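Trainee: I'd like to take a close look at one part of this protein with you. Could you pick a single helix and walk me through its surroundings, then add whatever else helps me place it?

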Amino acid sequence: MFLERSCPGCGTRSRATPAVRSRVVAESQSFESLKPHWHGFFKEKVFFSYCRCTACGLLHCPLYFSAAQLAELYRQMPDNTAGVPVEALRKTQRGYFDILKRFSAPEGDYLEVGPDIGLFTEYCVQEGRFGRYHLFEPNRAVWPTLSDNLKGRRHDIYDQMFDFDAVPDQSVSVAVMIHVLDHVIDPVQTLRVLRRTLKEKAVLMLVTHDESSLLARLMGTRWPPYCLQHPELFRQASISALLKRAGFSVLRVDKTYNHFPLTYLMKHLCWMLGARLDIRGTAGPQLPIKLGNILTVATPL
């Protein structure tokens, strides 16, 4: 019923005892029964058991949804900005963009996988000189907003997340995936295919969750990234090893800040602890916190 996977980082078949597991494990449930748990916050979490690869250290799910099951699940996803004020999201994306600027001139062609409504893309439009934007976004509901944020620049939007055939070889100078790689069944092969589109000194920027973070250790199984949407989760060592295997050299791995209204943080903290507190509105201070994410910058070998 579910896909059996070797380690997606190095190909080793793990038989280790699960390192992280929910009380009710997803692999014991039917696909239909898991659909209501696909997104949102729940009093009792259900996710596939995570094992740590004995060879490369990558935390991953040896059993996971198939590609066909994932396609069905992603069709029912809301946009990624739901519930968080746009101003807070823009501050977070601004921090990512400021790091990117240190490594790459904003010119050539631009490629982004999973741009959603285009908040990060908008900074590239405002401050960049990119000739063409290649955007891979399966959620057609956000396309009008995404297109508006491109402000008339030459662009193509594709509904297949990783079908890079339409992008000319060695044409892209900057490629971006923000909270995408954690969702990919075969991240090494995906990055190898993407590498074909990149120029010799192109920059790849990735934002992923950090399973070694203090927040992850403190919260245990209640840490939000332990969920059905993530077939693997990274730390600095495992993402560096995976990128090397895919043909990239890592230039930098840093912890990042996210910006959230205080009221939003209070409400979701209560939800994760099992108390559904009805706090309305998002007025008040916005706090920059290290939520347990890492930003990785790499270049093709």
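Mentor: Happy to; we start with the whole chain, go on to one helix, and finish with two single residues.

Please keep in mind that this is a predicted model. The protein has nine helices and 16 strands, and 50% of its 301 residues count as buried. Its accessible surface comes to about 13,800 Å², with carbon and sulfur atoms making up 53% of that. If you take the contacts between residues at least 6 apart in sequence, 75% of them join residues at least 24 apart.

Now to the helix I would choose, α8, which spans residues 236-246. Its buried residues are Ser238, Ile239, Leu242, Leu243 and Ala246. Looking down the axis of α8, you will find these buried residues within an arc of 130°, so they line one face of the helix. Turn to the other side of α8 and you meet Ala237 and Lys244, both exposed. What lies over the buried residues? Their cover includes the helix α6 (187-195), and also the strands β11 (198-209), β13 (248-255) and β16 (293-300). Do glance at the residue just after α8 as well: glycine 247 has a positive phi of about 100°.

For a second stop, try glutamate 137, in the loop between β8 (129-136) and α5 (143-149). This residue is buried but has no salt bridge; the nearest side chain of opposite charge belongs to arginine 140, 9.9 Å away. A polar atom of the glutamate 137 side chain does, however, lie 3.0 Å from the backbone nitrogen of asparagine 139. Leaving aside residues up to four places away in sequence, glutamate 137 touches Gly114, Pro115, Asp116, Val142, Trp143, Leu146, Tyr158 and Asp159.

Our last stop is valine 172, in strand β10 (residues 172-178). Valine 172 counts as buried because its relative accessibility is 0%. With residues up to four places away in sequence again left out, its contacts are Asp109, Tyr110, Leu111, Val167, Thr197, Leu198, Lys199 and Ala202. You can also set valine 172 against leucine 204: the two are 32 residues apart in sequence, while their C-alpha atoms are 9.8 Å apart in space.

To come back to your helix, then, keep this picture of α8: the buried residues line one face, and Ala237 and Lys244 are exposed on the other side.

Methods
Residues are numbered from 1 along each chain as its sequence is written. This is a predicted model: local features need pLDDT of at least 70, side-chain atom pairs count only at pLDDT 80 or more; totals for chains, interfaces and linings use all residues. Side-chain values use heavy atoms; hydrogens and water are left out. Buried means under 20% relative accessible area, exposed over 50%, partly exposed in between (1.4 Å probe, protein chains only). Helices (H or I, at least four residues) and strands (E, at least two) are DSSP runs, numbered from the N terminus. The arc is that of the directions from the helix axis to the C-beta atoms. Contact means heavy atoms within 4.5 Å. Lys and Arg count as positive and Asp and Glu as negative; His and the chain ends are not counted. A salt bridge is a side-chain nitrogen of Lys or Arg within 4 Å of a carboxyl oxygen of Asp or Glu. A polar contact is a pair of N or O atoms within 3.5 Å; within protein, one must be able to donate a hydrogen and the other to accept it, and residues adjacent in sequence count only if both atoms are side-chain atoms. Accessible areas come from the Shrake-Rupley method with a 1.4 Å probe; for residues, only the protein chains shown count as cover.
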